[in-house]
Amino acid sequence: MSVRYNTLNLNSGTLIKVKSIKVHEQYSNVTNDNDIALLETVASMNLNQTNAAAAKLPAKGNDPQDGDLFLSGWGTLHSGDTTIPTNLQKVTVPLTNRSVCAKAYTGVVDITENMFCAGKLGIGGVDSCQGKKKLNLVN
């Protein structure tokens, strides 16, 4: 596995091999609770470039409270697609109140304190859920 960075195009930028993947010790593949992992690369990345910058992470217990969330990644554009786009995809979605989201998804999925919801609840139309590629999220 490799990480591609400092690019907006799938055929450019820099590829760095992943040395190890550290999955959250309490991750559940049944509920998706604690769905987060760290990728350790074999080499350092220069994050002071035009298309490569470090995202500031919130302190523990300091969830995003409101505003828009910016997501980016290389996932497919439509359900069932088998190819990914050449250009990095991005979308901005509003943060959704956790309790409102949990109520809307009752009986479908349990929204835990380790999760938050983003998107136009009840409206849809813009998301980042296609394909198996994970996305970066920035508040």
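**Exercise 1. Burial and overall make-up**

Determine what share of the 139 residues of the chain counts as buried, and describe the chain as a whole.

*Solution.*
Step 1. In this predicted model, 22% of the 139 residues of the chain count as buried.
Step 2. The accessible surface of the chain comes to about 10,400 Å², and carbon and sulfur atoms account for 51% of that surface.
Step 3. The secondary structure consists of one helix and nine strands. Their order along the sequence is β-β-β-β-β-β-β-α-β-β.
Step 4. Consider the contacts between residues at least 6 apart in sequence: 51% of them join residues at least 24 apart.

**Exercise 2. The open sheet**

State the order of the strands in the open sheet of three strands, and identify its edge strands.

*Solution.*
Step 1. The strands of this open sheet follow the order β1-β2-β3, and their pairing is antiparallel.
Step 2. An edge strand pairs on one side only, and this holds for β1 (2–5) and β3 (37–41).
Step 3. From one strand to the next, the twist averages 50°.
Step 4. Between β1 and strand β2 (residues 14–23), the antiparallel pairing runs over four bridges. Within it, Y5 has T14 of β2 as its bridge partner, and S2 stands opposite K17 in β2.

**Exercise 3. The two faces of β1**

Decide which side chains of β1 point to one face and are buried, and which point to the other.

*Solution.*
Step 1. Recall the general rule: in a regular strand, side chains alternate between the two faces of the sheet.
Step 2. In β1, V3 and Y5 point to one face, and both are buried.
Step 3. S2 and R4 point to the other face and are not buried.

**Exercise 4. The surroundings of R98**

Establish whether R98 counts as buried or exposed, and list the residues with which R98 is in contact.

*Solution.*
Step 1. Locate the residue: R98 belongs to helix α1, which covers residues 98–104.
Step 2. Apply the cut-off: a residue is buried when its relative accessible area is under 20%. The relative accessibility of R98 is 19%, and therefore R98 counts as buried.
Step 3. Set aside the neighbours of R98 within four places in sequence; R98 is then in contact with D63, I111, T112, E113, M115 and F116.
Step 4. Examine T112 more closely: its backbone oxygen lies 3.4 Å from a polar atom of the R98 side chain. The cut-off for a polar contact is 3.5 Å.

Notes
Residues numbered from 1 in each chain as written. Predicted model: local features only at pLDDT ≥ 70, side-chain atom pairs only at ≥ 80, totals over all residues. Heavy atoms only, no water. Buried < 20%, exposed > 50% of the residue type's maximum accessible area, 1.4 Å probe, protein only. Polar contact = N/O pair within 3.5 Å; in protein donor to acceptor, adjacent residues only side chain to side chain. Contact = heavy atoms within 4.5 Å. Pairing = 2+ DSSP bridges. Axes fitted to C-alpha atoms, helices over the stretch in contact; angles between N-to-C directions. Areas by Shrake-Rupley, 256 points an atom, 1.4 Å probe, with all protein chains shown as cover.
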